[in-house]
2 protein chains.
Amino acid sequence: MIQKLIEGIKRTKAPIVVGLDPMMNYIPEYIQKKAFAEFGETLEGAAEAVWQYNKGIVDAVYELVPAVKPQIAMYEQFGIEGLKAFEKTVSYCQEKGLVVIGDIKRGDIGSTSEAYAVGHLGKVQVGSHSFSGFHEDFVTVNPYLGSDGVKPFMKICKEEKKGLFILVKTSNPSSGEFQDRLVDGRPLYELVGEQVAAWGEELMGDTYSYVGAVVGATYPEMGKTLRKIMPKSFILVPGYGAQGGKGADLVHFFNDDGLGAIVNSSRGIIAAYKQEKYASFGAENYAEASRQAVLDMQADIQGALEAAK
Amino acid sequence: MIQKLIEGIKRTKAPIVVGLDPMMNYIPEYIQKKAFAEFGETLEGAAEAVWQYNKGIVDAVYELVPAVKPQIAMYEQFGIEGLKAFEKTVSYCQEKGLVVIGDIKRGDIGSTSEAYAVGHLGKVQVGSHSFSGFHEDFVTVNPYLGSDGVKPFMKICKEEKKGLFILVKTSNPSSGEFQDRLVDGRPLYELVGEQVAAWGEELMGDTYSYVGAVVGATYPEMGKTLRKIMPKSFILVPGYGAQGGKGADLVHFFNDDGLGAIVNSSRGIIAAYKQEKYASFGAENYAEASRQAVLDMQADIQGALEAAK
């Protein structure tokens with residue numbers, strides 16, 4: 001699956017992942033109204049609105065990008081119905097040829113981590129049959145519990161040829177509270193990065209590992225260091241756009257082969273029509289606004305990568 | 001809800017939480033057969049088996065303990081159907097008067113963490129109505145992302161009078177990989193413990209905080225230190241029984257008032273009938289074996305607390 005991601009990036013010339021993190025206030029009123037007319041102001045109605053909104057965006061951008069990253073929390077808040085919309089979104093994106101990164105940030109130990117891995121990346125056995133619950137292609141994993149938490153995910157990834165992105169340095173302002181603490185003079189995130197590199201060695205694809213990392217666009221200097229610590233790991237980079245990251249900040253997240261990073265934008269793409277810059281599209285054409293935002297992001301990143309050559 | 005937990009512990013004299021972490025191979029064959037006969041060897045069939053198994057245990061133990069802790073991974077592995085069984089289990093336990101600790105180990109940032117909090121502890125707004133997705137009473141939270149990850153949970157806890165247990169020192173063998181790393185000569189878990197104490201001050205109940213901590217029974221010396229660092233936080237203690245912890249190891253997790261800790265046992269209780277000690281109950285009477293295992297655990301912990309006085 002890491003190979004599919006790399007091929008997708010080469011084909012689209014867009015190391016971009018669209019974050020499908022639907023908030024109700026992003027969803028144009030006409031979509032909400034239609035969903036509520038059919039299912040009422042219920043969890044089912046909300047889930048239908050989320051799904052229709054996602055579908056519009058995916059239809060408008062699937063040829064331009066290699067991957068999407070649905071944030072499961074935004075679906076989980078609507079309970080079972082929301083999670084049905086999550087699964088439906090994963091399936092639809094895969095039908096469209098997109099790589100799906102489930103942003104689930106799970107992490108537990110032993111058989112419990114394996115249960116998460118089975119539910120999201122693998123197959124669960126029921127009697128003599130097996131089933132795939134949420135069937136993403138990659139998931140994000142929290143490293144706080146150490147190898148006991150990560151290895152069970154790696155086991156399933158090996159079986160299924162799927163991949164992980166381990167949280168190393170997150171994009172948020174308070175990420176330093178624990179991640180930046182100095183251990184023998186070096187920040188904790190560097191030690192986590194070294195561990196990601198070591199885990200990655202155990203699960204290599206052709207040129208890159210199935211084990212990647214999450215490093216926020218908001219910390220470009222740290223990204224530069226971490227790029228060197230984890231040369232064979234893809235870095236999933238959140239924090240572009242709405243959180244403040246720009247193309248020029250991102251060049252050091254890439255390797256000299258022009259690969260090794262994939263940049264996420266969520267709100268900046270899916271709610272583009274709410275920005276002044278794209279306001280002329282109007283809520284009715286929200287998906288076209290998203291398409292234009294992807295094209296602009298692609299140009300920004302490619303421009304920065306060209307300028308850095 | 002912290003007050004309800006404390007009252008439950010006093011009433012039952014059992015600072016015990018039963019971990020409802022059903023694995024298929026724990027579930028007696030007659031329950032599986034019946035569920036598969038009705039729903040086939042499907043995710044629905046597996047979820048029905050899980051639910052019937054849980055119900056049997058809850059009916060046998062609900063008067064003996066104050067709380068249960070369903071581990072959501074064990075349900076999530078069965079996809080949507082598994083999560084329906086999770087929600088059904090939460091509802092049933094609450095009907096029986098039990099405090100429900102959702103072991104979800106979620107953690108993200110800002111609006112995403114808030115979405116998890118809303119889905120598991122709060123209410124989500126849909127038009128002019130609001131709904132509670134999974135409605136646990138407490139949840140476990142991963143601290144790796146810092147305050148940005150925890151504060152949104154605290155906001156919802158304040159509104160709903162519900163609580164958190166933040167991972168501080170987990171019970172697994174590799175928990176030291178990151179948690180024990182020395183920062184200025186002190187292990188990271190102590191710094192996380194201090195932060196838990198500080199968050200806890202912001203959200204106090206009558207005597208204990210709504211913000212608790214997770215510290216593994218397998219690390220009794222660390223538990224002793226953390227008890228002092230977080231005097232007003234309840235400690236949720238996993239790792240008793242199957243993972244190796246014994247009553248005598250646990251006394252320092254408690255405060256002098258005999259409160260402040262609640263000890264989890266999962267496999268040791270719910271799959272008691274598979275142990276030699278309880279084998280005479282037989283698979284048909286698995287729930288009675290679980291009841292006996294709770295009584296034995298209660299005696300072990302109370303004995304250790306008496307001996308330490």
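Here are some short exercises with worked solutions on the two-chain structure above.

The model is predicted, so local features need pLDDT of at least 70 and side-chain atom pairs count only at pLDDT 80 or more, while totals for chains, interfaces and linings use all residues. Residues are numbered from 1 along each chain as its sequence is written, and chains are lettered from A and ligands numbered from 1 in the order in which they are written.

**Exercise 1. Find how confident the predictor is in chain A and in the complex.**

Step 1. Start with pLDDT, the predictor's confidence in each residue, from 0 to 100. Its mean for chain A is 96, and 99% of the residues of chain A reach 70 or more.

Step 2. Now turn to the complex: the predictor gives an ipTM of 0.96 and a pTM of 0.97.

**Exercise 2. Work out how chain B is related to chain A.**

Step 1. Recall the general idea: two copies of a chain are related by a rotation about an axis and a shift along it.

Step 2. Superpose the copies by least squares on the C-alpha atoms of residues with pLDDT of at least 70 in both. A turn of 180° and a shift of 0.0 Å along the axis lay chain B on chain A with an RMSD of 0.0 Å.

Step 3. Name the relation: this is a two-fold axis.

Step 4. Look along chain B for the C-alpha nearest the axis; it belongs to Val183(B), 2.5 Å from the axis.

**Exercise 3. Describe the contact between the chains.**

Step 1. Use the contact rule: two residues are in contact if their C-beta atoms, placed from the backbone, lie within 7 Å. Chain A and chain B each give 59 residues to the contact.

Step 2. Ask which element of chain B gives the largest share. Helices (H or I, at least four residues) and strands (E, at least two) are DSSP runs, numbered from the N terminus. The answer is helix H6 (residues 110-120) of chain B, with seven residues.

Step 3. Sort the side of chain B that touches chain A by class: 28 residues are nonpolar, 22 polar and nine charged. Here Ala, Val, Leu, Ile, Met, Phe, Trp, Tyr, Cys and Pro count as nonpolar, Asp, Glu, Lys and Arg as charged, and the others, Gly among them, as polar.

Step 4. Zoom in on one residue, Phe178(B), in helix H8 (residues 176-179) of chain B. Leaving aside neighbours within four places in sequence, Phe178(B) is in contact with Pro143(A), Tyr144(A), Gly146(A), Leu188(A), Val192(A) and Leu188(B). Between Phe178(B) and Leu188(B) there are 7.5 Å in space, C-alpha to C-alpha, and they are 10 residues apart in sequence.

**Exercise 4. Decide whether helix H3 of chain A is mostly enclosed or open.**

Step 1. Check the length: H3 (residues 43-61) of chain A has 19 residues and reaches 27 Å from its first C-alpha to its last, close to the 27 Å expected at 1.5 Å a residue. The expected span is 1.5 Å times one less than the number of residues.

Step 2. Apply the burial rule: a residue is buried if 20 or more other C-beta atoms lie within 10 Å of its own, exposed if 12 or fewer, and partly exposed in between, with C-beta atoms placed from the backbone.

Step 3. Conclude: 15 of the 19 residues of H3(A) are buried, so H3(A) is largely enclosed by the rest of the structure.

**Exercise 5. Compare the surroundings of Lys105(A) and Asp184(A): which is buried and which is exposed?**

Step 1. Locate them. Lys105(A) is in strand E3 (residues 99-106) of chain A, and Asp184(A) is in the loop between strand E8 (182-183) and strand E9 (186-187) of chain A.

Step 2. Read phi. Lys105(A) is not a glycine, yet its phi is positive, about 40°. Asp184(A), also a residue other than glycine, has a positive phi near 50°.

Step 3. Count neighbours. Lys105(A) has 28 C-beta neighbours inside 10 Å and counts as buried, whereas Asp184(A) has 8 other C-beta atoms within 10 Å and is exposed.

**Exercise 6. Place Pro152(A) in the structure.**

Step 1. Pro152(A) belongs to helix H7 (residues 147-160) of chain A.

Step 2. It counts as buried, with 22 C-beta neighbours inside 10 Å.

Step 3. Not counting residues up to four places away in sequence, Pro152(A) touches Gly110(A), Ser113(A), Glu114(A) and Ala117(A).
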